[in-house]
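Student: Could you take me through one part of this predicted model closely, beginning with the nonpolar patch on the surface and going on to the helix that holds one of its residues?

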Amino acid sequence: MRIESPKATVNKSREELFGFLTDVKNFEKLMPDNISKFEVLEDDTFLFALSGMPEIVLKLQEKNEFDKVSLGAAGGKIPFSLTANINELEAGKSEANLIFEGDFNPMMAMMVKGPITKFINTLSEKMGTL
């Protein structure tokens, strides 16, 4: 299953946005309002939980300098990734979109598609307010 967020325009250079997204503690600023837990476990790993949902651990997996930041599920039963693609628009302004990719069976995909879409859209919207 693949879900893409709309592109968010960010008032930061591509380098600044890349730096923001590669520091995992900054993801707390992007989380939805219904977050019930956020904890940095290591320099490249964090745990979060939304109300009524299980805890999810994400680990920084790939960094292509200034263009792409990829996080993946650390542990858990379902492998998935969340990737931010960053493009420079002009000096001091960039855009990014998020791509969620997960390997779910059809029944699970039907159940999680709505909440995951809402989640990555919220991350994207909050990125636009940085």
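Tutor: In this predicted model, the nonpolar patch on the surface is formed by Met 107, Met 110 and Met 111, which together have about 390 Å² of accessible area. Met 107 has its place in helix H2, which covers residues 106-127, and Met 107 counts as exposed because its relative accessibility is 55%, where exposed means over 50%.

Helix H2 also leads to the largest pocket, since the largest share of that pocket's lining, eight residues, comes from H2. The space in the largest pocket comes to about 830 Å³, and of the 30 residues that line the pocket, Met 53, Pro 54, Ile 56, Phe 80 and Ile 116 are the closest to its centre. Two or more lining residues are given by each of strand S4 (45-50), strand S5 (56-64), strand S7 (80-90) and H2. By character, the lining divides into 21 nonpolar residues, five polar and four charged.

Strand S5 has a further contact to follow, for Lys 59, in that strand, meets Asp 44 in a salt bridge with an N to O distance of 3.0 Å. Asp 44 lies in the loop between S3 and S4, 15 residues apart from Lys 59, and the pair thus links distant parts of the chain. Asp 44 counts as partly exposed at 22% relative accessibility, and Lys 59 likewise counts as partly exposed, at 30%.

In the loop between S4 and S5, Glu 55 forms a salt bridge with Lys 37, at 2.9 Å from N to O; Lys 37 belongs to strand S3 (residues 35-42).

How values were computed: Residues are numbered from 1 along each chain as its sequence is written. This is a predicted model: local features need pLDDT of at least 70, side-chain atom pairs count only at pLDDT 80 or more; totals for chains, interfaces and linings use all residues. Side-chain values use heavy atoms; hydrogens and water are left out. Patches are made of residues with over 30% relative accessible area and no salt bridge: like charges are joined within 9 Å, nonpolar side chains (Val, Leu, Ile, Met, Phe, Trp, Tyr) within 5 Å. Accessible areas come from the Shrake-Rupley method with a 1.4 Å probe; for residues, only the protein chains shown count as cover. A salt bridge is a side-chain nitrogen of Lys or Arg within 4 Å of a carboxyl oxygen of Asp or Glu. Helices (H or I, at least four residues) and strands (E, at least two) are DSSP runs, numbered from the N terminus. Buried means under 20% relative accessible area, exposed over 50%, partly exposed in between (1.4 Å probe, protein chains only). On a 1 Å grid over the protein atoms alone, a cavity is a set of points where a 1.4 Å probe fits but cannot get out, and a pocket is an open set with protein on both sides within 12 Å along at least five of seven lines; lining residues have an atom within 4 Å of a point. Grid points are joined across faces, edges and corners, and a volume is the space filled by probe spheres set on the points. Ala, Val, Leu, Ile, Met, Phe, Trp, Tyr, Cys and Pro count as nonpolar, Asp, Glu, Lys and Arg as charged, and the others, Gly among them, as polar.
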